[in-house]
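Hi there,

Here is the structure I promised to pass on. Have a look at it first, and then read on for what turned up.

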Amino acid sequence: MSQTHLSPIAARPSLSLAAGEKLVHSLPDSIPEDSATAIKGSEDAARAQKTGRFSWLELDITRTEWDILIGSTCLKLLLFPAYRSTDFEVHRNWLAITHSLPISKWYYDTTSEWTLDYPPFFAYFEKLLSIPAYFVDPRIVDLNNLNYNAWSVVAYQRTTVILTELVLGAAVLRFVRGAENPAMQRIISASLFLHPGFLIVDHIHFQYNGFMFGILMWSLLMARNDRKLLSGFLFAVLLNFKHIYLYLAPAYFIYLLRSYCLSPTYTLLPGRFLSLANAVILTFLASLGPFLLMGQLPQLLSRLFPFTRGLNHAYWAPNFWALVTALDRILLKVVSRGQLEGLSINESGVASTSRGLVGDTVFAVLPTVQPIHTLAITVAFQVIYTGKLWTNTSYKSFVTALTLCGFTSYMFGWHVHEKAILLVLVPLSLLAAEDNAYFRTFEIASIAGIYSLFPLLFTPAETLIKIVYSVVWALFVLRPIHRQVYQFPRTVTFVVIDFLERIYIMGFPLLQVFVTLFPLLARRRAAASAGVAEHTDREETRASPLEFLPLMLTSVYCAVGLVWAFIRLSVIYLTRKD
């Protein structure tokens with residue numbers, strides 16, 4: 001493949017490849033951005049056919065891209081009245097904190113239980129948003145006006161999510177420009193901008209993930225275009241917006257150190273090293289500097305890194321620990337019945353349901369997991385992946401190692417939130433069209449990961465929205481990529497694996513039927529067993545032993561797919577030379 005190619009998605013050769021033959025160099029080594037002119041003439045005709053209606057804007061956006069932007073915006077506007085989680089009030093309170101209080105009190109205020117616990121750049125971001133909020137409705141930024149839910153604050157905050165998400169939209173558009181296969185890259189870019197995860201988490205549940213993942217995508221784009229200093233600077237900025245991206249930091253550190261700061265003979269390049277170090281240090285000084293001067297760094301860090309929570313979140317994020325927790329619950333039932341006499345029961349673990357409440361998570365039968373255990377496992381896996389990245393610093397290798405670092409933290413981290421799956425699904429999307437192995441990994445991870453977000457929207461009004469939107473997204477994204485890269489497995493082993501994976505995917509509709517019908521049937525059975533009307537209320541208020549069964553099955557079933565996708569991607573990365 002020509003070294004002038006820039007795209008993360010290469011044009012595909014004929015699908016009549018021999019069994020086991022790989023499509024190599026689909027994600028090429030990064031090269032300078034100015035060489036993009038070498039492939040300018042090969043761009044898709046749609047890029048050149050800009051509509052006259054918008055020509056006055058002088059934006060390099062095609063009619064289809066405008067249609068996607070306008071259509072998705074209209075849908076998001078219609079979701080303004082939809083369900084809002086407590087995160088909505090969290091961000092409203094942060095608007096009030098940053099607007100009403102001096103910076104010295106931002107990380108000390110406890111007027112609301114929703115205290116400021118994001119890094120300073122996000123606090124500055126909230127401060128900026130609070131200025132127009134005051135003119136829209138002064139009560140939005142009233143620190144004592146807790147749980148304010150007037151239409152003015154709903155419209156304003158949801159509008160800010162839509163507008164700031166344009167950072168992501170601009171980044172994915174730039175991925176199309178200069179792509180070796182613009183048609184396929186356009187599908188991947190559209191899939192990211194229209195991702196069900198962003199619709200569920202940002203536009204209904206409420207957060208600003210689209211904005212922050214937009215910064216990540218700009219950083220990856222700069223890495224693709226060999227502007228590595230700018231890539232590192234943008235990632236440093238991102239870390240100061242939300243510290244969860246620390247999960248990806250090992251991949252960035254090794255990639256920038258090896259490919260930017262060292263020569264091919266491992267000689268340190270002082271000029272580059274100092275440039276990168278200065279960019280990162282100045283970014284952190286701009287963020288943390290005021291708090292350093294005020295002597296508030298320990299207080300700020302205590303807000304960012306609370307270590308008093310349990311192993312699992314309230315809803316078990318579908319990772320490795322969800323499977324371990326489920327196994328512990330099963331073993332507890334078995335041992336309680338007198339079976340497996342060699343195992344003892346930890347009485348303090350019987351009452352613990354690992355719901356992520358403040359305090360330690362204690363297992364009833366299995367050894368209790370401590371934070372140091374999760375850290376050691378996470379670091380061990382990340383060392384393996386970054387070791388491979390050290391020997392191969394191509395852009396494709398970097399994106400894969402980055403994805404695996406996020407995946408490892410999701411699989412084995414302490415108190416992982418289900419929303420953290422976006423750290424995996426977003427960069428993994430850039431690898432989806434590499435070949436059939438990458439695509440099947442992306443397919444399983446996407447279906448399981450998106451479905452794992454469904455419990456965030458538990459109100460009936462949003463149930464149909466999340467299901468229909470996700471299915472439509474899957475049809476328009478997965479089918480065309482599948483047609484492009486699919487290869488029939490030639491060995492018996494891979495035929496069996498392919499069959500089992502298809503069976504697993506087909507299980508999600510059945511799981512949704514169970515999740516929908518079980519609570520209805522359980523309530524009807526409880527009402528019938530109450531016997532008399534005066535006992536019904538008391539019976540319904542008592543927690544049923546099976547009350548959380550649908551949630552647990554969702555977590556465990558999704559965890560099976562995500563653990564398998566993690567294994568799949570690890571094997572692909574560590575066994576291939578490209």
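Let me start with helix H11, where Ala249, Ala251, Tyr252, Ile254, Tyr255, Leu256, Arg258, Ser259, Tyr260 and Cys261 are buried. Please keep in mind throughout that this is a predicted model. That list amounts to 10 of the 13 residues of H11, so the helix is mostly covered, buried being under 20% relative accessible area. And what does the covering? The cover over the buried residues of H11 includes H9, H10, H12, H16 and helix H17, the last of these spanning 395-412.

**The chain as a whole**

Stepping back for a moment, the chain has 578 residues, and 52% of them count as buried. Its secondary structure comes to 23 helices and 0 strands. Among contacts between residues at least 6 apart in sequence, 77% join residues that are at least 24 apart. The accessible surface comes to about 26,200 Å², and carbon and sulfur atoms account for 67% of that.

**Around H11**

Two of the helices that help to cover H11 also pack against each other: the axes of H9 and H17 come within 10 Å and cross at roughly 155°. Angles over 145 degrees count as roughly antiparallel, and H9 and H17 are therefore roughly antiparallel to each other. Their crossing is right-handed. On the H9 side the residues involved are Leu220, Ala223 and Arg224, and they meet Tyr395, Phe398 and Leu402 in H17.

H16, also part of the cover over H11, runs over residues 371-391 and holds Gln382. Gln382 is buried, with a relative accessible area of 9%. Its side chain is joined to that of Ser409 by a polar contact of 3.1 Å. Leaving aside neighbours within four places in sequence, Gln382 is in contact with Tyr247, Pro250, Cys405, Thr408 and Ser409.

Two loops in this part of the chain have a backbone detail that you may want to look at. Asp226 lies in the loop between H9 (209-224) and H10 (228-239), and its phi is near 65°, a positive value in a residue other than glycine. Tyr266 sits in the loop between H11 (249-261) and H12 (270-293). Its phi is near 70°, again positive in a residue other than glycine. How covered are these two residues? Asp226 has a relative accessible area of 32% and is partly exposed. Tyr266 is partly exposed too, with a value of 47%.

**Gln207, ahead of H9**

Gln207 is found in the loop between helix H8 (196-206) and H9. Is this loop residue buried or exposed? With a relative accessible area of 6%, Gln207 is buried. Not counting residues up to four places away in sequence, Gln207 touches Asp87, His91, Tyr118, Val161, Val201, Asp202, Lys242 and Lys419. With Asp87 there is also a polar contact between the side chains, at 3.1 Å. As for His91, it is 116 residues away from Gln207 along the chain, yet their C-alpha atoms are separated by 8.1 Å.

**H7 against H20**

Another helix pair worth opening in your viewer is H7 (residues 182-193) with H20 (residues 460-485), which pack at an angle of about 150° with their axes 10 Å apart. That angle makes H7 roughly antiparallel to H20. The contact is made by Met184, Ile187, Ile188 and Ser191 of H7, together with Trp473, Phe476, Val477, Pro480, Ile481 and Gln484 of H20. The crossing of H7 and H20 is left-handed, whereas that of H9 and H17 is right-handed.

**Glu501 in H21**

My last stop is Glu501, in helix H21 (residues 492-530). At 4% relative accessibility, Glu501 counts as buried. Which side chain does it pair with through a polar contact? The partner is Trp564, and the contact between the two side chains is 2.8 Å. Beyond residues up to four places away in sequence, Glu501 touches Arg440, Ile444, Trp564 and Arg568.

That is everything from my side for now. Happy browsing!

Best wishes

Notes: Residues are numbered from 1 along each chain as its sequence is written. This is a predicted model: local features need pLDDT of at least 70, side-chain atom pairs count only at pLDDT 80 or more; totals for chains, interfaces and linings use all residues. Side-chain values use heavy atoms; hydrogens and water are left out. Helices (H or I, at least four residues) and strands (E, at least two) are DSSP runs, numbered from the N terminus. Buried means under 20% relative accessible area, exposed over 50%, partly exposed in between (1.4 Å probe, protein chains only). A polar contact is a pair of N or O atoms within 3.5 Å; within protein, one must be able to donate a hydrogen and the other to accept it, and residues adjacent in sequence count only if both atoms are side-chain atoms. Contact means heavy atoms within 4.5 Å. Accessible areas come from the Shrake-Rupley method with a 1.4 Å probe; for residues, only the protein chains shown count as cover. Axes are lines fitted to C-alpha atoms, for helices over the stretch in contact, and angles run from 0 to 180 degrees between N-to-C directions. Angles under 35 degrees count as roughly parallel, over 145 as roughly antiparallel, 65 to 115 as roughly perpendicular and the rest as oblique. A crossing is left-handed if the near helix is turned anticlockwise from the far one by less than a right angle, and right-handed if clockwise.
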